[in-house]
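The following paragraphs lead the reader through a protein model, from its general make-up to selected local features. Please keep the sequence and the structure in view while reading.

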Amino acid sequence: MECPLPADAEVRHWLTTAVMYLMPFIHNIALLIALLVVHSQLHRYIREGSLFSQILSGALFGIVAIIGMINATELQEGFFFDGRTVILFLAGSFGGPVTGAVAVLYAGIFRLTMDGYGMVAGILFVLTAGGLGIAYHFIRKRYPKASAPVAFYIGGLLVHCIVIAYLFVLPGPGIQTNLLPTLLVVFLVIYPLAIMLLSVLFLSQEKQKKLISDLSESEERFRSLFHNSQAIHMIIDPVSGIIADANKKAETFYGWTLKELRQKRIWQINTLPEDVMKKRLKAVLRKEEQFFETRHLLASGETKEVEVHAGPVTIDGKTMLFTIVHDITDIKRSKEELQKERKLLRTVIDNLPATIYLKDLELRKILANKADLDIIGKAEEEVIGKTDRDILPQEVAARMEEDDRRVIEKGETIVNREEMFVDKEGNETWLLTTKTPFRDQDGKVTGLIGIGQNFTEQVEAARELKLARQ
């Protein structure tokens, strides 16, 4: 009569048996993790997504599956634990159709060479795991939530439910009853959990590759924009003032080669003193000053007026200053000439004896010469932006507003309208005023121009003549 094993000995025996069955599977998982590392390293040298890359990845997955089958543990004659289904499902899910198909091809051919009465089931295991993995790859593309680890667990459960079904449906000796609990635990718990846990590693690698790809694309776009921009771009070291990089437009503008520019410090092309430039670089670094106008020296010895936009950027972990330079020499020259012309025109207008003013569509004065201001008796700041109702007696303002409306609304020109003003001392001033629409370059009326000729002396002379006659 046999003595039963003590409870603790029975547990140890069960654990030993479980470890013996699962050891090859654990080896496969270790190989798969190693494959993940190798896979990530290969993509540093091989363009990811290329056909060669997909075939190579499939071959690596297939080799891991083959090693697993070589080191498999025999559950009973013709039935093995090797984890090929886990490997092939992940190959299709993460590698796609080409990678999955190559991995299935490798594993399937090897299983054919092993022969044995379990060959049909073994081939079906390979095709099912790889095929469902490829199908899951397309499901993940369409439904992002399918990339969750739990979803991978469900996918692994589905694969191994089908695998178990094969064992009961296919002809053969069948699984021994005492091994059935172990089989169910391995296929329905351990293998799906392994797929879920390994998916976390593969998903992490996917995210890392996407981040690297996005960063690479961003750097490429920046490099392209930097070097091909029609604006002058420079990268400056805020501490040393060295021009670390410059684009083609800078080379054309300054007249130095890019190599020569990269050997210069910014105060060698800026006309400001070195100490002033160092303070400005610090201000830009602190974002206290990011826009300014200055003068830059060219290789020819000529200086140019420039407008500089600058700000800090991080390049390779170091804070640098990215500057955009615009040549505004012609613009500044045009502004200066325009200011001279305006000053000259204003001098002429102010020295004419006639009153001259300009009003907008709201009848607010936007220009008034000295003669007009003298008649009104107010300073320029008291008149500009005001209407006649703000600065003149209401009856006079109402009469003038009526004429102004006709000019603006109907586009009419009023010639030699008699207008009379009375100053604070009661003195009268008589004007013959002509008002005409002021139009923009498209012919649209935007205001009116008024020109008044003072004929007060003629009015007074006429009065004196009338009195003399009487």
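Helices and strands are taken here as DSSP runs, with at least four residues for a helix (H or I) and at least two for a strand (E), and they are numbered from the N terminus. In these terms, Glu 288 lies in the loop between H9 and S5. The model is a predicted one.

The protein comprises 15 helices and 12 strands. Of its 470 residues, 41% count as buried. Among contacts between residues at least 6 apart in sequence, 52% join residues at least 24 apart.

A useful place to begin is the sheet that contains S8. Five strands form this open sheet in the order S9-S8-S12-S11-S10, and the pairing is antiparallel. Its edges are strand S9 (365-368) and strand S10 (414-422), each of which pairs on one side only. Neighbouring strands of the sheet are turned against each other by 25 degrees on average, direction ignored. Helix H14 (residues 394-410) packs on the sheet and touches strand S8 (355-360), S10, S11 and strand S12 (445-454). The direction of H14 makes about 160 degrees with that of S10.

The individual pairings can now be followed across the sheet. S10 and strand S11 (residues 428-439) pair in the antiparallel sense over seven bridges. Within this pairing, Met 420 has Trp 430 in S11 as its bridge partner. Six bridges join S8 to S12, and these two strands run antiparallel; Thr 355 stands opposite Gly 452 in S12. S8 also pairs with S9 in the antiparallel sense, over three bridges. Here Tyr 357 stands opposite Ala 368 in S9, and Leu 358 stands opposite Leu 367.

How many of the residues of S8 are buried? Six of its six residues are buried, and the strand is described as mostly covered. Thr 355, Tyr 357 and Lys 359 point one way from S8, whereas Ile 356, Leu 358 and Asp 360 point the other way, and all are buried. The two sets therefore include charged side chains, Lys 359 and Asp 360, pointing in opposite ways from S8.

The connection between S8 and S9 deserves separate attention. The two strands form a hairpin with four residues between them. Leu 363 has its place in this loop and takes a positive phi of about 65 degrees although it is not a glycine. Is Leu 363 buried or exposed? At 5% relative accessibility, Leu 363 counts as buried, because the cut-off for that class is under 20%.

A second residue with a positive phi offers a contrast in surroundings. Lys 287, which is not a glycine, has a positive phi of about 60 degrees. Its place is in the loop between helix H9 (274-285) and strand S5 (291-297). Lys 287 is exposed, with a relative accessible area of 56%, since exposure is assigned over 50%. Glu 288 lies in the loop between H9 and S5 as well, and at 55% relative accessibility Glu 288 counts as exposed. Glu 288 and Gly 311 are 23 residues apart in sequence and 9.6 Å apart in space, C-alpha to C-alpha.

Phe 226, by comparison, has its place in helix H6 (residues 180-228). At 3% relative accessibility, Phe 226 counts as buried. Leaving aside its neighbours within four places in sequence, Phe 226 is in contact with His 233, Met 234, Ile 235, Asp 245, Ala 246, Asn 247 and Phe 322. Phe 226 and Lys 249 are 23 residues apart in sequence, with 9.6 Å between their C-alpha atoms.

The last topic is the interior space. The structure holds seven cavities of 30 Å³ or more. The second largest cavity has a volume of about 100 Å³. Of the 14 residues that line the second largest cavity, the closest to its centre are Ile 236, Ile 266, Phe 292, Val 308 and Thr 323. Which elements each supply at least two residues of this lining? They are strand S3 (232-236), H9, S5, strand S6 (303-315) and strand S7 (318-327). H9 and S5 thus appear again here, having been met above as the elements that flank the loop of Lys 287. In its composition, the lining of the second largest cavity divides into 11 nonpolar, three polar and no charged residues.

Methods:
Residues numbered from 1 in each chain as written. Predicted model: local features only at pLDDT ≥ 70, side-chain atom pairs only at ≥ 80, totals over all residues. Heavy atoms only, no water. Pairing = 2+ DSSP bridges. Axes fitted to C-alpha atoms, helices over the stretch in contact; angles between N-to-C directions. Contact = heavy atoms within 4.5 Å. Buried < 20%, exposed > 50% of the residue type's maximum accessible area, 1.4 Å probe, protein only. 1 Å grid on protein atoms, 1.4 Å probe; cavity = no way out; pocket = protein on both sides within 12 Å on 5 of 7 lines; lining within 4 Å. Points joined across faces, edges and corners; volume = space filled by probe spheres on them.
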